[in-house]
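Please take a moment with the sequence and the coordinates below before reading on. The paragraphs that follow lead from single residues to the interior and then to the ligand.

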Amino acid sequence: MNIVLLGPPGCGKGTQARILEERTGMVQLSTGEMLRAAVASGSEIGQQAKVLIESGHLVSDDMVIGVVRERLAQPDIARGAIFDGFPRTVAQAEALDTLLKEQNLTLDAVIEMQVKDEILVDRVSGRFTCANCGEGYHDRSKQPKKSGVCDVCGGTNFNRRADDNAETVKSRLISYHAQTVPLIAYYKAAGKLKPIDGMAGIDEVARQLAKAIGV
Ligand code: AMP
């Protein structure tokens, strides 16, 4: 099965993709993480993407589609893909349809995670992740049980994303409404859209998501 998680920055796509990956063995495919890895490596793509990511703008369709095309050629995709943060434009959605068709794959469902804009800035500006295992935390809603120590792996180093600040989140939300919201109609017309309440707690959202895709 292949699914897309669609929703604004901070709606919980990454958190839910990790939970679903753990539970089903499907593979999380996060274009944001792939682009941040490219930035960290200093590659040409990374250098071009850095300024756009840090100012809250979308990276070009061609660049992101190229990154996804390469990723989809890897054998683990046979376990099923959870697209997290891709597609973000109608051009990317059309490209995804083509890329999947080329590999004889289909897109089974698009989960629209509905969260009100008002709470997204707060959610995003407090978050951090374990540098070792990637477990997500939040200053106000999910601190590690022991301060400074990851609950999952015991790691003591944490990362905060350069684009997770109130100012940049506002640009990311503007990009979301202008460029990504049209995908809701695109996937509704294709009969693939399944809306869920992204404002519930993490476990409840995971339950709704599992139900929506029948796992
Ligand atoms: P994310 O981790 O999904 O929040 O993505 C972080 C940033 O990476 C975004 O704000 C964009 O600058 C860039 N990015 C990630 N995925 C895409 C995409 N599908 N299209 C364009 N830019 C993207």
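Is glutamate 112 buried or exposed? Glutamate 112 is buried, with a relative accessible area of 11%, where buried means under 20% relative accessible area, exposed means over 50%, and partly exposed lies in between, with a 1.4 Å probe and protein chains only. The coordinates belong to a predicted model, in which local features need pLDDT of at least 70 and side-chain atom pairs count only at pLDDT 80 or more, while totals for chains, interfaces and linings use all residues. Residues are numbered from 1 along each chain as its sequence is written, and side-chain values use heavy atoms, with hydrogens and water left out.

Glutamate 112 belongs to strand β4, residues 109-114; helices (H or I, at least four residues) and strands (E, at least two) are DSSP runs numbered from the N terminus. Leaving aside neighbours within four places in sequence, glutamate 112 is in contact, meaning heavy atoms within 4.5 Å, with Leu6, Ile184, Leu193, Lys194, Pro195 and Ile196. Between the C-alpha atoms of glutamate 112 and leucine 209 there are 9.6 Å in space, although the two are 97 residues apart in sequence.

Strand β2 offers two further buried positions. Valine 27 is found in this strand and, at 4% relative accessibility, counts as buried. Its contacts, not counting residues up to four places away in sequence, are Glu21, Arg71, Asp76, Arg79, Gly80, Ala81 and Ile82. Serine 30, also placed in β2 (residues 27-30), is buried with a relative accessible area of 7%, and its side chain reaches the backbone nitrogen of glutamate 33 at 2.9 Å. That pair is a polar contact, defined as a pair of N or O atoms within 3.5 Å; within protein, one must be able to donate a hydrogen and the other to accept it, and residues adjacent in sequence count only if both atoms are side-chain atoms.

One of the contacts of valine 27 is Arg71, which has its place in helix α4. At 15% relative accessibility arginine 71 counts as buried, and, leaving aside neighbours within four places in sequence, it is in contact with Val27, Leu29, Met34, Asp76 and Ile77. The C-alpha atoms of arginine 71 and methionine 34 are separated by 9.4 Å, with their positions 37 residues apart along the chain. Glycine 25, by contrast, sits in the loop between α1 (13-24) and β2 and counts as partly exposed at 26% relative accessibility. Glycine 25 touches Leu20 and Arg79, not counting residues up to four places away in sequence.

The interior comes next. The largest nonpolar core has 26 residues, and those with the most contacts inside it are Val68, Leu72, Phe83, Leu96 and Tyr187; such a core is a set of buried Ala, Val, Leu, Ile, Met, Phe, Trp, Tyr and Cys residues joined through side-chain atoms within 4.5 Å. Two or more residues each are given to this core by β1 (3-6), α3 (44-55), α4 (61-72), β3 (81-84), α5 (90-102) and α8 (182-189). Leucine 96 touches Val4, Leu72, Phe83, Phe86, Pro87, Leu107 and Tyr187, again not counting residues up to four places away in sequence. Apart from the largest core lies another, of 19 residues, among them Ala17, Ala109, Met113 and Leu120.

Two backbone features deserve a look. A cis peptide bond, with omega about -5°, joins phenylalanine 86 and proline 87, and proline 87 is found in the loop between β3 and α5. Asparagine 104 lies in the loop between α5 and β4 and has a positive phi of about 60° although it is not a glycine; it is exposed, with a relative accessible area of 74%.

Finally, the ligand. It is surrounded by 16 residues, of which the closest are Thr31, Arg36, His57, Arg88 and Gln92, a residue being near when one of its heavy atoms lies within 4 Å. Helix α2 (residues 31-41) gives the largest share of this shell, four residues. A polar side-chain atom of threonine 31 lies 2.8 Å from a nitrogen atom of the ligand, and for arginine 88 the distance from a polar side-chain atom to a ligand nitrogen atom is also 2.8 Å. A polar side-chain atom of arginine 172 is 3.4 Å from an oxygen atom of the ligand. The protein covers 96% of the 480 Å² of accessible area that the ligand has on its own, with areas from the Shrake-Rupley method and a 1.4 Å probe; for residues, only the protein chains shown count as cover.
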